[in-house]
Amino acid sequence: MNRLIKNGTIITANDTFHADIRIQNEKISEIAACLKPKTGEEVLDAKNNYVFPGGIDPHVHLDMPFMGTTSADDFESGTRSAAAGGTTSVIDFAIQEKGQTLKETLEIWRKKAVPKALIDFSHHVAITDYNDYIEKEIPEVIKNGFKSFKCFMAYKGALMVDDSQLFRIIEQTKKHKALLTIHCENGDIVALLQKNFIAGDCTSPKYHPLSRPAIIEGEATGRAFNLARYLEWPVYIVHMTCEESVSRLISARAKGQLVFGETCIQYLLLDDSVYEKPNFEGAKFVMSPPIRKKKDQDYLWSALKLGHLSVVSTDHCPFDFKKKKEMGKNNFCLIPNGAPIVQHRLNLLYTYGVLTKKINLNRFVELGSTNAAKLFGMYPTKGTITVGSDADLSIFNPKPEWTISAKNHFHNCDYALFEGWKVTGEFAEVLSRGETIFKNGKAFGKPGRGKYLVRKSFE
Ligand code: URP
Ligand code: ZN
Ligand code: ZN
């Protein structure tokens, strides 16, 4: 479908300018002022609107078996929600089960994703059971386009790897030019603290953050950086929440170590008072690492502003409040960890980041799209607006004000994490490879239209 977007203000990570965008065969073919429509070309008017590159959320968990249940959004509802919030690519996690090969793991996740995805997608390959056989599989996995891996330093007895496994996996990413993403919390200490709280009859959601204190996130982050430093290869730390971990990122970078950090929108906007909510409602906010203190929010915003953190993602991993979060009614350790967020990331970042002048529009694009594209081998096909890029674009009307609610979200979840929050600006139309997948509040696009992203090596 050939189309022409006219009269918009184009925002990239580097530039802000007025121009028209011609789209041919799913790609951007021309960018210039006052382009004339060609025969058969459909014109989209973006007057008074911004045109952003499609958002990229490199941290979502769709259809993920976890803590005795499965995350509520599959690849259809999850990618539809992403599209409604201006996100046109996601990176999910193909999570190895104990005893599984990586080939088997990727086949399972391929079957979940391919028939359902509405936007383009990939997986980080999460290794939970590392051994010599898995090590031999790594080059093949990378050859097939999966250029990033994941390790959990937490969730003892389930997803957690030990330090020697972590060390060996970083070694392999160096050998084969891939990037390892790491969940940093000291899983041994979390397990110990959880046991102590439950033994003392401290079972409600407010003990979740107390069992996963900031200091043990900081400790694990420092440990991961030390291993990476010894091995002289970068790592990417997911969902950084607090001063204790981000200060380690800043000092590692100051010493010249190439390491990257991501935070999530919820850690920028919420504080740990959410765990005090009555009627077990604190369970809605049970995720790991937990929501931290107000001072940590301020620290994260300044780390974003100063360029220390590279990405704002969501860690989208929803579970219904009724029946699912309620599994932990008598024991906070059994509350499935995670929350519904992917649809609201960019609206929240725009309202509470750009409009409050904490970040400017170009940094908004960089944090919500461009940096993830660069780090995970998708740039410049994704993550920017230039001739030759995929026509993944959003037309954003900065004026309307609306309120986030489970009543108006696309998430397959019975609550909204940001219920009642007011936001300014809405995604009027969202294009994935030139095709409209969201417009005026309605989602379009056939399940299965999303393509597997074949990503480039980490250089
Ligand atoms: O609570 C969370 N974050 N759930 C998803 C799994 C993870 O740790 O990323
Ligand atoms: Zn995690
Ligand atoms: Zn996650």
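Student: Donors are N, O and S atoms within 2.8 Å of the metal (3.2 Å for Na, K and Ca), so what spacing do the donors of the zinc ion (ligand 3) follow along the chain?

Tutor: Before we start, keep in mind that this is a predicted model. Along the chain, the donors of the zinc ion (ligand 3) follow the spacing H-x1-H-x253-D.

Student: OK, and which residues coordinate the zinc ion (ligand 3)?

Tutor: His59 and His61 each coordinate the zinc ion (ligand 3) through NE2, and Asp315 does so through OD, at 1.9 to 2.1 Å.

Student: Why is the site of the zinc ion (ligand 3) called irregular?

Tutor: The angles among its four donor atoms run from 84 to 138°, whereas four donors count as tetrahedral if all angles lie between 85 and 135 degrees. The site of the zinc ion (ligand 3) is therefore described as irregular.

Student: How far apart are the zinc ion (ligand 3) and the zinc ion (ligand 2)?

Tutor: The zinc ion (ligand 3) and the zinc ion (ligand 2) are separated by 3.7 Å.

Student: What are the protein donors of the zinc ion (ligand 2)?

Tutor: They are His183, through ND1, and His239, through NE2, and they lie 2.1 Å from the zinc ion (ligand 2). This pair links distant parts of the chain, with His183 in strand 12 and His239 in the loop between strand 13 and helix 8, 56 residues apart.

Student: And what angles do the four donor atoms around the zinc ion (ligand 2) subtend?

Tutor: They subtend angles of 57 to 149°, which makes the arrangement around the zinc ion (ligand 2) irregular.

Student: Let's switch to helices. How do helix 3 and helix 4 pack?

Tutor: Helix 3 (residues 132-143) packs with helix 4 (residues 163-176) at an angle of about 30°, and their axes are 11 Å apart. Helix 3 is therefore roughly parallel to helix 4.

Student: Which residues make the contact?

Tutor: Asp132, Glu135, Ile138, Pro139 and Ile142 of helix 3 make it with Arg168, Gln172 and His176 of helix 4. By class, there are three nonpolar, two polar and three charged residues in the contact of helix 3 with helix 4.

Student: What about helix 4 and helix 7, at what angle do their axes cross?

Tutor: The axes of helix 4 and helix 7 (residues 214-231) cross at roughly 45° and come within 10 Å, which means that helix 4 is oblique to helix 7. Residues in that contact include Leu166, Phe167 and Ile170 of helix 4, and Ala224, Leu227 and Leu231 of helix 7. The residues of the contact of helix 4 with helix 7 divide into eight nonpolar, no polar and four charged.

Student: Is the crossing of helix 11 and helix 12 left-handed or right-handed?

Tutor: The crossing of helix 11 and helix 12 is right-handed, and their axes cross at roughly 145°, coming within 11 Å. Among the residues that meet there are Leu346, Leu349 and Tyr350 in helix 11, and Phe364 and Leu367 in helix 12.

Student: Last topic, the backbone. Where is the cis peptide bond that ends at Pro289, I mean, which loop holds Pro289?

Tutor: Pro289 is in the loop between helix 9 and helix 10, and the cis bond joins it to Ser288, with omega about -5°. The bond from Tyr379 to Pro380 is cis too, with omega near 5°, and Pro380 sits in the loop between helix 12 and strand 16.

Student: And what is phi of Asn48 near?

Tutor: Phi of Asn48 is near 65°, a positive value in a residue other than glycine, and Asn48 lies in the loop between strand 4 and strand 5. Most residues other than glycine have a negative phi, and most peptide bonds are trans.

Technical notes: Residues are numbered from 1 along each chain as its sequence is written. Chains are lettered from A and ligands numbered from 1 in the order in which they are written. This is a predicted model: local features need pLDDT of at least 70, side-chain atom pairs count only at pLDDT 80 or more; totals for chains, interfaces and linings use all residues. Side-chain values use heavy atoms; hydrogens and water are left out. Axes are lines fitted to C-alpha atoms, for helices over the stretch in contact, and angles run from 0 to 180 degrees between N-to-C directions. Helices (H or I, at least four residues) and strands (E, at least two) are DSSP runs, numbered from the N terminus. Angles under 35 degrees count as roughly parallel, over 145 as roughly antiparallel, 65 to 115 as roughly perpendicular and the rest as oblique. Contact means heavy atoms within 4.5 Å. Ala, Val, Leu, Ile, Met, Phe, Trp, Tyr, Cys and Pro count as nonpolar, Asp, Glu, Lys and Arg as charged, and the others, Gly among them, as polar. Four donors count as tetrahedral if all angles lie between 85 and 135 degrees; four count as square planar and six as octahedral if opposite donors are over 155 degrees apart and all others between 65 and 115; anything else is irregular. A crossing is left-handed if the near helix is turned anticlockwise from the far one by less than a right angle, and right-handed if clockwise.
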